[in-house]
Amino acid sequence: MRTAYLDHPGPVPMAHRGFSLEGLENTMAAFEAAVELGFRYVETDVHATHDGVVVAFHDETLDRVTDRTGRIPELSWKQVARARVGGSDQPVPPLEELLGAWPDLRINIDIKTPGAVLPLVRVIERTRAHERVCVTSFSDVRRREALMRLTRPVATSAGQTTAARFRAAAALPALVRTPVVARVMAGVDGLQVPVRHSGVEVVTPHTVAAAHEVGAFVHVWTVNDVPEMVRLLDLGVDGIVTDRADLLRDVLRARGEWVD
C-alpha cells in the first residue's frame, strides 16, 4: 500500500542527518537548517536507551560526536540527555521531538539495533506518523519486525540481504528479469543504496531500469559531490541522500527539479 511518504514530484532530496557544516549531525539545529533550506525529507538513524527512549543518533556510543561516553542501549535517557554534540549546546534529540517539531516533515528512519525496534514502533504508533516515515535498516530482520508490529503500513526500503538479491536478479537476461526482480522486491517500496559497494557498481543504468520495471524507487547515499549528483540524476535515480543539502538544492534548482 502506497503511503504519502512516496508522493513527491521528481527526485527526492534528502538531508542526511540534517544539515550542518559544523558537525552537528542529528541535532535539532541540523534538522532545522535542512527545513529552512526547503527540504521536505531528512534522514536519521535511531537507537533506544536502556529505558526505551528512541533517539535520533547514528553511533551506538556517544563517544565520537558528544562530550559524553557510553553505549546508548546501556544508558538511561536521563544520562543521554546530558550529552552535547560537537562542543555545542545541542543535545541528542528524541525522535518524538523531531516528529513533533515539523508535522509535515518526512523522515527516513534507519533502525540501528534490535533493541530499538519495539520502542520505534511505539513512537510511530503514538505520533501516528505512518504516512510520513520510511522505516528501513541494514538488517532485513529488524525492518520486517518493525513492519509486522505496526498497525498501519509505512514506506520501507530493502535491507542488505534483499538489496544483494536484487542485484543478482537485475543481472538476469531481460526476458526473465522482471518477474524475478518483482518477487525479490515484494514487500519493499524501493532501494536505498551507495553508488558502489566493495568496488562493485551498485547504481547503474541496468539496476535503475530493473528497479523501475517493478515500480521500485532508487535512492542513493551519501552523495556530496556536485558532478556525481548530476550524473546520478541524469541516470534517473529517484532520490539523493546528502550531507551537502545546500549543494543538492542548487543542483535541483538549476535543473528545474526543485520543489518549493
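A pocket, as I use the word here, is an open set of grid points with protein on both sides within 12 Å along at least five of seven lines. With that settled, I opened the model, which is a predicted one, and started looking for empty space.

**Entry 1: the largest pocket**

I looked up the volume, and about 460 Å³ of space lies in the largest pocket. Its lining counts 26 residues. Nearest the centre I found F138, Q192, V193, P194 and W221. Next I asked myself which elements give two or more residues to this lining. They are β1 (12–16), β2 (41–48), β4 (106–111), α6 (160–170) and β7 (190–194). Sorted by class, the lining holds nine nonpolar, 11 polar and six charged residues.

**Entry 2: the second largest pocket**

For this one I noted a volume of about 250 Å³. Its lining is made of 13 residues, and R2, L6, F217, H219 and D238 lie nearest the centre. I sorted the lining here too: six residues are nonpolar, four polar and three charged.

**Entry 3: the closed space**

How many cavities of 30 Å³ or more does a search of the whole structure find? I got one. The largest cavity holds about 70 Å³ of space. I wrote down its lining as A163, F166, R167, L191, V193, V202, V203, T207 and V218. Both α6 and β7 supply at least two of these residues, and α6 has the largest share, with three. By class I have seven nonpolar residues, one polar and one charged. I marked V193 for a second look, since that residue lines the cavity and also lies among those nearest the centre of the largest pocket.

**Entry 4: strand β1**

I went back to β1, one of the elements in the lining of the largest pocket. Is this strand mostly covered or open? It is mostly covered, with five of its five residues buried. V12, M14 and H16 point one way, while P13 and A15 point the other way. Then I checked the partners of β1. The strand pairs with β11 in the parallel sense over four bridges, and G239 of β11 is the bridge partner of V12. Pairing with β2 is also parallel, over three bridges, and there M14 stands opposite Y41. Between β1 and β2 the chain passes through helix α1 (residues 28–37), and I noted this β-α-β crossover as right-handed.

**Entry 5: T242 in β11**

I picked T242, which lies in strand β11 (residues 239–242). Is T242 buried or exposed? T242 counts as buried because its relative accessibility is 0%, and the cut-off for buried is under 20%. Leaving aside neighbours within four places in sequence, I listed its contacts as M14, A15, H16, T222, V223, N224, M229 and L248. Three names here were familiar from my previous entry: M14, A15 and H16 had come up there as buried residues of β1.

**Entry 6: two positive phi values**

Last, I followed the loop between β1 and α1, where R17 is found. Phi of R17 is near 60 degrees, a positive value in a residue other than glycine. R17 has a relative accessible area of 14%, so I logged R17 as buried. N26 is found in that loop between β1 and α1 as well. Its phi is near 55 degrees, again positive in a residue other than glycine. N26 counts as buried because its relative accessibility is 1%.

Notes:
Residues are numbered from 1 along each chain as its sequence is written. This is a predicted model: local features need pLDDT of at least 70, side-chain atom pairs count only at pLDDT 80 or more; totals for chains, interfaces and linings use all residues. Side-chain values use heavy atoms; hydrogens and water are left out. On a 1 Å grid over the protein atoms alone, a cavity is a set of points where a 1.4 Å probe fits but cannot get out, and a pocket is an open set with protein on both sides within 12 Å along at least five of seven lines; lining residues have an atom within 4 Å of a point. Grid points are joined across faces, edges and corners, and a volume is the space filled by probe spheres set on the points. Ala, Val, Leu, Ile, Met, Phe, Trp, Tyr, Cys and Pro count as nonpolar, Asp, Glu, Lys and Arg as charged, and the others, Gly among them, as polar. Buried means under 20% relative accessible area, exposed over 50%, partly exposed in between (1.4 Å probe, protein chains only). Contact means heavy atoms within 4.5 Å. Two strands pair if DSSP finds at least two bridges between them. A crossover is right-handed if, with the strands pointing away from the viewer, the path from the first strand over the helix to the second runs clockwise.
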